[in-house]
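Thanks for coming. I have one structure to go through today, so let me put it on the screen.

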Amino acid sequence: MKKGLTALLLLFSATAHAETLPFDLSIISDQVNMHRSLALSDIGEGKTAIQLDFKDKAGKAYTFDLNYKALPANRSFPGNLDITLKDAQGKKLGYLFFAINNVRFLKQMGVFGLMVKVDEQLIDIRFTFDKQVAGHLSVTDLGQERFVQDTLAPALHFQMIRPVIVPLVRPGLRSKTYHLDKHLYGVNYSLKNQADGIVQFQYNFYDESGKQTHLLERVYFQAGSLKTLREAMFAGKYFHPKDGTFKLVFYPAMGQTEPLKETVNEKRG
């Protein structure tokens with residue numbers, strides 16, 4: 001009887017911690033307008049893989065893949081979302097590795113996504129786990145917040161790693177851009193105030209070879225608290241036809257303390 005009760009309690013505990021969350025997936029560009037209502041479970045709970053085939057207005061075919069996978073025990077997160085956009089031949093067009101502790105973090109974050117340039121159009125892959133999430137964060141609170149900017153381009157034998165404190169450039173917006181040395185590309189960190197105490201973080205990758213810069217890829221997510229902001233970790237990949245794969249790695253600096261609510265010479269945006 002005691003063994004049976006213990007087993008029942010263990011089963012109840014595992015069930016209580018396992019979750020399946022509904023979410024909305026939007027894939028949008030000038031040529032694509034796809035919306036799906038889907039669900040994602042914690043690892044081992046069933047709904048951890050999604051594959052969708054779709055076409056743009058011109059009839060060009062694409063495949064969207066999502067796999068929520070366990071990571072080895074020596075990694076700092078227990079699992080990650082593998083998100084891939086491919087063409088009809090299976091060639092990767094965009095990729096996002098987003099490390100998470102569990103699916104509850106996705107609801108806590110609310111919205112995140114990947115934008116990637118394909119055939120001169122930007123395709124926005126957006127995940128909405130909670131469209132009404134509210135918070136208490138502002139870019140004004142982030143005057144001393146450090147991030148780690150990490151960009152790799154193996155084919156160019158290039159890597160840039162540096163800590164970043166993102167400066168306030170106007171009320172409600174922090175932004176900092178770095179040029180990739182002699183290479184005609186740039187990376188940008190931006191933090192933007194949204195409604196209801198939410199800040200959106202963007203990691204932008206630009207082509208700077210012409211008279212105007214052109215966005216090639218953006219990874220973005222929203223946060224309503226420092227806890228959420230500091231829990232995010234991802235690596236996006238952009239597949240350039242000439243210069244190979246660019247890897248955009250984001251993780252917050254460790255060991256930070258709570259920043260001041262008001263930073264000298266900065267007004268709440």
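**Charged pairs, sheet and core**

I'll start with a lysine: Lys107 has a relative accessibility of 40%, so Lys107 counts as partly exposed. Keep in mind that this is a predicted model. Which residue forms a salt bridge with Lys107? The partner is Asp130, and the closest N and O atoms are 3.6 Å apart. Lys107 sits in helix α2, residues 103-109, while Asp130 lies in the loop between β8 (121-128) and β9 (146-153), so the salt bridge ties together parts that are 23 residues apart in sequence.

A search of the whole structure gives ten salt bridges. Another one of them joins the side chains of Asp82 and Lys69, at 2.7 Å from N to O. This pair also links distant parts of the chain: Asp82 belongs to strand β5, residues 79-87, and Lys69 to strand β4, residues 61-70, with the two positions 13 residues apart in the numbering. Is each partner buried or exposed? Asp82 counts as buried because its relative accessibility is 13%, and Lys69 is partly exposed at 38%.

Then there is Arg126 with Asp124, whose side chains meet at 4.0 Å, N to O. Here Arg126 is partly exposed, with a relative accessible area of 31%, and Asp124 is buried at 16%.

Next, the overall fold. The protein chain has three helices and 17 strands. Nine of the strands form an open sheet, paired antiparallel, in the order β2-β1-β8-β7-β15-β14-β13-β12-β11. At the edges stand β2 (33-41) and β11 (168-170); each has a single partner strand, so one side of each is left without a neighbour in the sheet. On average, neighbouring strands in this sheet are turned by 20° against each other, ignoring direction.

Within that order, β13 (residues 185-193) and β14 (residues 199-207) pair antiparallel over nine bridges. Tyr189 faces Tyr203 of β14 there.

Last, the interior. Of the 269 residues in the protein chain, 51% are buried. The largest nonpolar core has 66 residues, and those touching the most other members are Leu25, Phe64, Phe98, Phe112, Phe127 and Phe221. Taking Phe127 and leaving aside neighbours within four places in sequence, its contacts include Phe23, Leu25, Phe64, Ile83 and Phe112. A second, separate core has seven residues, among them Leu71, Ala99, Ala235 and Val249.

As for the outside, the accessible surface of the protein chain is about 13,900 Å², and carbon and sulfur atoms account for 53% of it.

Conventions:
Residues numbered from 1 in each chain as written. Predicted model: local features only at pLDDT ≥ 70, side-chain atom pairs only at ≥ 80, totals over all residues. Heavy atoms only, no water. Core = buried A, V, L, I, M, F, W, Y, C linked by side-chain atoms within 4.5 Å. Buried < 20%, exposed > 50% of the residue type's maximum accessible area, 1.4 Å probe, protein only. Contact = heavy atoms within 4.5 Å. Helix = DSSP H or I, 4+ residues; strand = E, 2+ residues; numbered from the N terminus. Areas by Shrake-Rupley, 256 points an atom, 1.4 Å probe, with all protein chains shown as cover. Pairing = 2+ DSSP bridges. Axes fitted to C-alpha atoms, helices over the stretch in contact; angles between N-to-C directions.
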